[in-house]
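Please look over the sequence and the fold shown below, following one helix and one pocket. The report starts with what the helix packs against and then turns to the pocket.

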Amino acid sequence: MSQSTGIYIFCGIKTTEDKYQFGNVTIEGQERSTFTIHYKDAAIVAAKVPMKIYHPNKENLMAHQDVISSVMAQNDTVIPISFGNVFNSKEDVKVLLENLYPQFEQLFPEIKGKIELGLKVMGKKQWLEEEINKKPEVEQMKKTVQGKSQDAAYYERIQLGEMAQKFFSSLQNDIKAEIFDPLKEASTASKINKPIGETMLLNAAFLIDRDKEELFDQKVNEVHEKWEDKLDFKYSGPWPAYNFINIQLKVEET
């Protein structure tokens, strides 16, 4: 019995023409051609795939992003769609697009010519240890804990953990003021996401005009030069505006 097919969707774009060629995409070892499904001046970039659940492994995520990158190279108004959305038919995607059109119509002028850049900032382990050990209350508590059994030092260890948490929270606020706030001024919109891991002090996204990317890069380089002995920077993009768009995908039942 042959496997049924579905329509995998990648992103939305503003266009009235069916002229774009975004190439093929390899999903789980199979090469698929991309195409567009249209409604008014909006379109969704899609590919026909086996109807199944697609897991967000490295290869699949890269394939999804490669298509969006190809679209961004040819269109300056791209609405990203999250990974793994497969619909039964082109007709279902057309209904989806009609339902989403009021949102798309509002978003198109807001994101036209804009890209997202990501910045993650991690504290270097040695610097973090030096900074927290400068706190006299931490040093005193560490001396209190030394030599005691796990049970005997239970409450002191809790207090030590709370001190460390307070230290990191204070440090994150400092990094926000020193790094995030100046970059925020150079962007159209900005957002701080939840840090990932114990040493991450900033997890931020910035929406900027495409033609100001070089200027923004320079500002990131300036703060990096100031902090490179203490912090590690992970600067990424350009991406579509993932962090600045919230769209619920649903085909209305008739």
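## Helix α2 and the largest pocket

The buried residues of α2 pack against β1 (5-14), β3 (30-39), β4 (42-50), β5 (78-80), β6 (86-87) and β7, where contact means heavy atoms within 4.5 Å and buried means under 20% relative accessible area with a 1.4 Å probe and protein chains only. This is a predicted model, in which local features need pLDDT of at least 70 and side-chain atom pairs count only at pLDDT 80 or more, while totals for chains, interfaces and linings use all residues. Residues are numbered from 1 along each chain as its sequence is written, and side-chain values use heavy atoms, with hydrogens and water left out.

Among the buried residues of α2 are Val93, Leu96, Phe104 and Ile111, and so is Tyr101, where a kink of about 55° lies shortly before Pro102; the bend is the angle between axes fitted to the seven residues ending there and the seven starting there. After α2 comes Gly113, with a positive phi near 70°.

| Feature of α2 (90-111) | Value |
|---|---|
| Distance between end C-alpha atoms | 26 Å |
| Reach of a straight helix at 1.5 Å a residue | 32 Å |

The largest pocket holds about 420 Å³ of space. Of its 16 lining residues, the closest to the centre are Glu116, Lys120, Trp239, Tyr242 and Asn243; lining residues have an atom within 4 Å of a point on a 1 Å grid, and a pocket is an open set of such points with protein on both sides within 12 Å along at least five of seven lines. Strand β7 gives the largest share of this lining, four residues.

Key:
On a 1 Å grid over the protein atoms alone, a cavity is a set of points where a 1.4 Å probe fits but cannot get out, and a pocket is an open set with protein on both sides within 12 Å along at least five of seven lines; lining residues have an atom within 4 Å of a point. Grid points are joined across faces, edges and corners, and a volume is the space filled by probe spheres set on the points. Helices (H or I, at least four residues) and strands (E, at least two) are DSSP runs, numbered from the N terminus. The expected span of a helix is 1.5 Å times one less than its number of residues. Buried means under 20% relative accessible area, exposed over 50%, partly exposed in between (1.4 Å probe, protein chains only).
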